[in-house]
Structures are given as C-alpha cells and as structure tokens.
Amino acid sequence: MDIKKILKGMTLEEKASLCSGRDFWHTKAVKSRNVPEFEVSDGPHGLRRQTLKDDHIGASESIKAVCFPAACATAASFDRNLLNKLGKALGNECQAEGVGTILGPAVNIKRSPLCGRNFEYFSEDPLVASELSGAMIKGVQSKNVGTSIKHFLANNQETRRQTVNEIIDERALREIYFAAFEGAVKDAAPWTVMCSYNKVNGIHMSENKRLLTGLLRDEWGFDGLVMSDWGAVNNRVLGLDAGLDLEMPGSYGINDREIIAAVKEGRISEAVLDRAVERILKLIDKFESRRAKTVKWDKDADHELAGKIEEESAVLLKNEGVLPLDKNDAIAVIGKYAKNPRFQGGGSSHINAFKVTSFWDAAKGKGHELLYAQGFDDSKDEIDRALILKAVNAAKKCDVAVIFAGLPDLFESEGYDRKHMRLPDCQNLLIEEVLKVQPNVVVVLSNGSPVEMPWKDDVKGIFEMYLGGQNVGTAEYNLLFGKTNPSGKLPETFPVKLEDNPSFLNFPGANDCVVYSEGVFVGYRYYDAKKMDVNFPFGHGLSYTTYKYANLKVSKRKLKAGETIEVSVDVSNIGRMAGKEIVQLYVAPHTNGISRPVRELKGFEKVALKAGETKTVSFTLDKRAFAYFDTQQNDWCVEPGDYDIEAGASSRDIRVVKKVNVDSPRVFRKRFDENSTFSDFLGDEKLEALIKPVFDSHRHVNDKPVGERSEAISQEMIDATCGPTPLRAVIGFGDGTIDHEKLKEITDKANAMFGL
Ligand code: BGC
C-alpha cells in the first residue's frame, strides 16, 4: 500500500469517514483507492467473532471457538512463556478467520474485588499486569495480527463506567495505573490501544490529550493506533485532536460530519485528520501485507492447550493433607459446577465454546468411585433444602467430599459490579452442612475475583480455579488427583472481608465521581502497610512438593541511585514430586521520608524443578525498582538509605533477605524562601553552614543549655520542634539579629547553589 499516495488522493469526506467503523466490527473500505475493510474481534480469552454486522453482545451467537482460561486465571500462572503461547494460539485463530486485531488484553488494575470485570483483568499489581499482558501481546503479534491493549485508562469499575470521573492523584497514576500499561506498551508495542469510557481527573479518556498523546506517544513512544471503546466517544473533534484515531463502532456518519465541519471551519487542521487516517491505513497495511494465505485452526489442539494453561494457573490455597486425592477413595462430587462448570465471564469476552470438558467428563471411566449431588442451583440465590440434603447424604457415604462451588454468572459480569464479596448463601450453607457430616472437605472454586470464605478454617483443602476455560475439567481432574503438581499463585490478595479492602469507602463513588483516596496503597501495598490479616496474601499458592530458598546474592551492597544490581537466589525442590515454583522478588524501602508501601514486587520467575533439583534464579533491578514518583519533581526519585531485597514464595512468605544501601543526592525541588523550614536545610553541609546564623539566633534553641532548663526538655524534643519551624519565626523568636533582608540573602544563596 502506498499510504502517502492514498492519503493524498482522498477527499476530506473519505478521510473523515475512515475514522469511524462501518459497523460493529469493521472499518470502511475505500473502494476507489483499493483499501479493504479491516476486521476486529473481541476476545481476548478466545475469538468472539460476530458474523452479523451490527451485533454487539449477545444478539446472535458468535462463531464456535475455543474458550481459554480468563486473564484472572492466566495471571495466576505468573508464566510469561505460557501467556506467549496463548497469544500465539489466538493470533493463529485470528489469521484463520481473517481478523486483523483482537480486542485485548485487558490490563486494568483490580482496585476492588467488586469490579464486575475483574475476571478479565490480571492483577492488583502493575508489574504482573504489564509483564504478562506484554508476553501475550508478543505472542498474538508474532502471527502478524494486532492486539488492542485496553481499557486505557482506569476502567476499574463497571458502575457508571461510561461517565464516571475517576479522581486519581499523579503518584498513584504513575506507580499503579499507568504502570500496568507502561511496560507492555514500551516492550511489546501493541498495534493498537483502546481508550476507556470513563473520565480521568475530569476529562473523558476519549479526548484526554495528555494521556492519549502526551503520555502514550510522547513519553512511551507508542506509534500505533488508538481506537475508542465501543461508544466511548464524547466529542469527536476534541477526541481527534487528542489523538483518538478510530471511533468504534460507526456513528451513522454523524461524528464524521462533525469532523468535516471542524476542518472546514478551521477549528481543527486537516493535518490532524491526516495523522489519524495515516495510522488507520498503516494498521490495515500491516495486517494485509503479511496476511497468512492458509492457516489451519486445530480446535481440538487449542482445547488441549486451554486445559494445560489452566493446569499451570489454578492455585492451591489450602491443603491439610487431603490432597492429592487417593484414587481408591470413595468421593462425593458435590456442586453443579462439577458437571456444568462456570468457566468464563459474561459480556464482550464471552466465547461460544465448541466443546466443554467438566470434571465429571474428565473423571468418568477412569475407575474412580464417584457419587454426584448437584447441591445448589445457580440460576437464583435460593436455598434448596432438598438439594442440600442429597449432597449431605452423598458426603456421609464417602471418604471425602469435593464441593465445586463458585460465583454464578449473575454475580459477576461486564456491565455491572458485584454487590458484595460473598458466595451465594445457598453455597455457603451447603458447605457448612456437608462439613457437619464429613471431615474431609475440599472446595474447588470457580470465580473471577475473591470471595469471603466463612468455612475457610474448617475445610481441609481449597483450590482456586478462577474462570478456567472450556477444558477446566481436565485441569481439575489432573490437579485433584496429583497428576499435575499445582503451581499457580494469587495475583491478588484475598481479604478476609470486603470492608478490609482499601477502596471500600470509595467504591463505586457517588455523584458520578470516585476518588481513589487510597493512592498507591492498592492490594497488598495496603494490607501490608496496615499489618492486616488476610485470608490469602498476594503471591500465595501451595504445591504438592516443598521448595527451599537459599544463597540470596546481590552484585553490590552499596550502589548509587540509577545503577543496576544483579540479584540471584537458589531455589531447591526438596520434596518428592517435580513442580514449578514462582519465585518473587520484592524491594522493601527502610527510608521514612516518603510514605511508601512496605514492599513492592519488582521481579518474578516461574522455574520448573525436578525432585531434588536446585536452580539459580536471577533478576536485574534498575532505578525504577527503588524509585517512587515524586510529584513536585515530576520524575522518578530514589531516596537515599537502606532497602531490603527480599526473595520469597509470597508477599507474606519472604524466605531470604539482603540489605543494600543506595546513595542518592538529596533532591531539592522547591525554591527556598522565608517559609522554608530548618529541616529543609539539614542533611547537606553547605546548606547547614548557610543556615547556622539563623539557627544560632533562635532563642528556643539557644536560651540555655538543655540540662539547665526548668522544664523537662531534651535536645531531641528541641530538634523535633525546631525542624518544622519556618525561618521567618526567627523574627519573633530570635535575638533580633536576623531580619527579612538577611533571610532573603540566605535563601537566595541556597537557591543559587541548587539552580532553583
Ligand atoms: C467493552 C470492550 C469490548 C468492546 C467491543 C465494550 O463494551 O468494554 O472491552 O472490546 O465493547 O465488544
């Protein structure tokens, strides 16, 4: 495609028209210039290709496809290679169907367990979200198919998602919400970005120039296309100017006409329109020029892959000697989800699975003694005593009861948020009743987001399958019977109760506005800072073997801010079964000037270890691993001081620690003036010398030596009260030798010293 030539030959009307979809899933063809239409399709946990033009969600069935585990599950694998493999399979499916871009991955931060779309999102931690989505993007795009990382930015709730104004401070944006996208955008270069519906700090994301152009393109170097979420356009002309290239779906020409009028009236230059058109043409060309001629989509192979991915993702939360199940035991298989699994979420990511394998399907015919009882109905949350009674009777007759519980579709979906964090009452009651007759109870959960677990201490085993895709049953079978060693870990905290969550008082907000008052203290960053009990911490996940951590090494014990250090740790499998361990590396600052999380995840690796095997796992930590975002400096800053480098099996199971000291110059960001405090001058020799005459003239400091004072006052107390005192206080409290002129002289000198 000669893009420049095509662009030059296009009329204003043709150009404006290309900037919105023809229908729900295609851009318009420009027949006179041989530009074909371009198809996008939902996913991202499979292909939700709609063949009817104007169908959005649910009006007709999408094509039969393979439903892979949702992002809530795949994130728990912590496995970049696995996500890459998933991406490759999806890319291949897109090529087979002629789809140029799959709409995902979705990387929004799990701010509250109540967000209806958490099942589509990866983590409460931005490193996990950006690294794993990046690996998936690379996989899809290696097949010459685009991705659309979404929803940029802060679509962290479904309540009023199209209009809500999310008030987020700059530090939280930088450290948490931007960061989830930043790594993936910089490293994996998605072909497209989808902007979200909501406003951020008062501005609709679809017309947020600072974020769509300033941040995404100028700072992060993104050079792809930005499309709107479906119907997210507020003011098309403002959007175009802000960097929103493509409006999806179409707007029956209404918004195209707005663009034409704006160009004609000189409200926007034609060059701005050309820029968007050029990006759209480039995207089409990128796909068309490398479009695969013949691709085989082997659905059965992808069904197998879906099961394997789930096996690597499920998290064993608790095991008091009950798992793996003994193949000779009589097992009561309780709960509807054993036969009819809940394996995906509702809304735009819903896949028309071509086949589903349940636990019952997978276990059948393998010689086990299994007794099934449905236990509950998930179409409504009503207690059905008859179903519970049958389940209790089955449990009585067996050696162990495995209860397949979870959140029904009605409880979590795109489009609305959860009302509470509980399982349906009928399921909690079922578990309690079974526990009365059977001491060996295992709960297998299918849900997209944490649930409260009133029975946690009484059951012997808990498996978190998340939403495990269409082959979840094979994974459940292999994991429960120990054919596969569990190796997933939680990419989010499971709090004891909803009220413990940091966003509890500000979710979903009021009057179309939500204030992220917890700042950077999201998920474990909050629970750790508050030393709170949680049901299961971030990074937690058990195995049927045991891992030992030793020999944590750092390449330097002292470093200057900005230098990188290498960290390595030996991890051994000291049990009898081969397995995979997710090694987590945290950095914990000791510095106390800035309010910071106790520890933050700065690296993770999943390693396969045979029984008895040891491997050395290595990480590199750069400046960002130690930095926080300083809003006055408008940059990443490293405080001088000690930092613990911690390697562990979860955020609350740190196994080995090494302290390093970082030397960093003090950063002066504010000009000195009479309102600068004494403590602003401390810690720097030259500044301390400058301030000495003011300090010396201060009566409170120098009245009498400490020991001779009548009040019980210590030097420490004097230092503590003087520190925050502004210099101008010396006018009243000093000995009269320092006046305003003298203070100005001193502060001018200080400013000159630091170029302020
Ligand atoms: C969702 C997107 C989705 C789009 C197209 C929107 O409502 O927020 O995630 O890709 O619809 O179906």
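Tyr527 is tucked away in this predicted model: with a relative accessibility of 2%, this residue falls under the 20% limit and so counts as buried. Its ring also has a partner right next door in the sequence. The ring centres of Tyr526 and Tyr527 are 5.8 Å apart and the planes stand at 75°, which is over 60 degrees, so the two make an edge-to-face pair.

That pair has company, as the aromatic pairs in the model add up to 21. A pair of this kind is described by how far apart the ring centres are and by the angle between the planes. Take Phe78 and Phe604: with 5.3 Å between the ring centres and 90° between the planes, this pair is edge-to-face too, because the angle is over 60 degrees. Here the partners come from distant parts of the chain, 526 residues apart. Phe78 sits in the loop between helix H3 (71-74) and helix H4 (80-97), while Phe604 belongs to strand E24 (residues 600-609). Phe78 has a relative accessibility of 1%, so it is buried, and Phe604, at 1% as well, is likewise buried. Both rings are also part of a cluster, in which ring pairs join Phe78 and Phe604 with Tyr524, Phe538 and Tyr586.

Rings turn up with charged neighbours as well. Lys456 places its charged end over the ring of Phe536, at 5.3 Å from the ring centre. Over the face of Trp297 lies Lys299, 4.4 Å from the centre of that ring.

Lys299 also falls within the span of helix H11 (residues 299-313), which packs against helix H15 (residues 472-480). Two packed helices are described by the angle between their axes and by the distance between those axes. For H11 and H15, the axes come within 8 Å and cross at roughly 45°. An angle of that kind lies between the 35 degrees that bounds roughly parallel and the 65 at which roughly perpendicular begins, so H11 is oblique to H15. The crossing of H11 past H15 is right-handed. On the H11 side, the contact involves Gly307, Glu310 and Glu311; H15 contributes Val472, Thr474, Ala475, Asn478 and Leu479.

Back towards strand E24, the loop that connects strand E23 (579-589) with E24 holds Gly593. This glycine has a relative accessible area of 63%, which is over 50%, so Gly593 is exposed. Gly593 and Pro640 are separated by 47 residues in sequence, and their C-alpha atoms lie 9.8 Å apart in space.

Key. Residues are numbered from 1 along each chain as its sequence is written. This is a predicted model: local features need pLDDT of at least 70, side-chain atom pairs count only at pLDDT 80 or more; totals for chains, interfaces and linings use all residues. Side-chain values use heavy atoms; hydrogens and water are left out. Rings of Phe, Tyr and Trp (its six-membered ring) pair if their centres lie within 6.5 Å; planes under 30 degrees apart count as stacked, over 60 as edge-to-face and the rest as tilted. Helices (H or I, at least four residues) and strands (E, at least two) are DSSP runs, numbered from the N terminus. Buried means under 20% relative accessible area, exposed over 50%, partly exposed in between (1.4 Å probe, protein chains only). A charge sits over a ring if NZ of Lys or CZ of Arg is within 6 Å of the ring centre and within 35 degrees of the ring normal. Axes are lines fitted to C-alpha atoms, for helices over the stretch in contact, and angles run from 0 to 180 degrees between N-to-C directions. Angles under 35 degrees count as roughly parallel, over 145 as roughly antiparallel, 65 to 115 as roughly perpendicular and the rest as oblique. A crossing is left-handed if the near helix is turned anticlockwise from the far one by less than a right angle, and right-handed if clockwise. Contact means heavy atoms within 4.5 Å.
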